[in-house]
Amino acid sequence: MTPRLRRYDGSSEDVRQVVGPLVAVYARVREPLLHLPNYAVATFAERLERHSREAGFGAVLAFDAEDRPVGYAYGNTVEEGDRWWTRTDGVDARFTGSPVLALKEIGVTVPHRGTGLARRVHDALLAGRGEAYVSLMVNAAAGDGKVRRVYESWGYTAIGTSRPSPGAPVLTSMIRPMSVSGEPVRQEP
């Protein structure tokens, strides 16, 4: 069965519903990295709590036939002066002058990698949003560069580097228009 997707917005009811499953699937996706302080479940839960209170919060979870979360993405709106931008070196002002969706996290469990689920979750998160651009940060070394190449294949371009926290690796900041090739991102039925 193809995993089904569910969108969550920033309403307090949706935030209450999404936190538990999102933390659970994060722990499965990032299991090999959980020993690192920046990837620890408690650190992630703290970031999620903060992000869920920020403007424009939205999330998408993918569930398998047994109703277990197997993939996720979440983000929120960032504007000029937001720490998303102030921590990024060399960002062109044309990107920071209007609201942008900051894709904070995306991942799918091992059995679902390479199936297109990550792209489905990504596109569902972007669908119907009002921002002109979406930005993300990626560890250029992740998967020996494979993860960055995947984002490039989705239309993202590198725009600078960032180190979100002292324990984090240096990340590549990337951006793309909300729609690529003139096609808006569509919400799944």
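1. Phe57 and Tyr74 are both buried. The model is a predicted one, and this note deals with its aromatic rings.

2. The two rings form a tilted pair, because the centres of Phe57 and Tyr74 are 5.7 Å apart and their planes stand at 45°. Phe57 is in the loop between helix 2 (41-52) and strand 2 (58-63), while Tyr74 belongs to strand 3 (residues 69-78); the pair therefore ties together parts that lie 17 residues apart in sequence.

3. Phe57 and Tyr74 are also members of one aromatic cluster, together with Tyr26 and Phe44. Over the whole structure, the search finds 6 aromatic pairs.

4. Phe95 and Tyr133 make an edge-to-face aromatic pair, with 5.1 Å from centre to centre and 85° between the planes. Since Phe95 sits in helix 4 (residues 93-96) and Tyr133 in strand 6 (residues 133-138), this contact ties together parts that are 38 residues apart in sequence.

5. On which side of the burial cut-off does each of these two rings' residues fall: is Phe95 buried or exposed? Phe95 has 6% relative accessibility and so counts as buried. Tyr133, at 21% relative accessibility, counts as partly exposed, because buried means under 20%.

6. One contact between a charge and a ring should be noted as well. Arg176 is placed over the face of Tyr156, 5.7 Å from the ring centre.

Terms used: Residues are numbered from 1 along each chain as its sequence is written. This is a predicted model: local features need pLDDT of at least 70, side-chain atom pairs count only at pLDDT 80 or more; totals for chains, interfaces and linings use all residues. Side-chain values use heavy atoms; hydrogens and water are left out. Rings of Phe, Tyr and Trp (its six-membered ring) pair if their centres lie within 6.5 Å; planes under 30 degrees apart count as stacked, over 60 as edge-to-face and the rest as tilted. Helices (H or I, at least four residues) and strands (E, at least two) are DSSP runs, numbered from the N terminus. Buried means under 20% relative accessible area, exposed over 50%, partly exposed in between (1.4 Å probe, protein chains only). A charge sits over a ring if NZ of Lys or CZ of Arg is within 6 Å of the ring centre and within 35 degrees of the ring normal.
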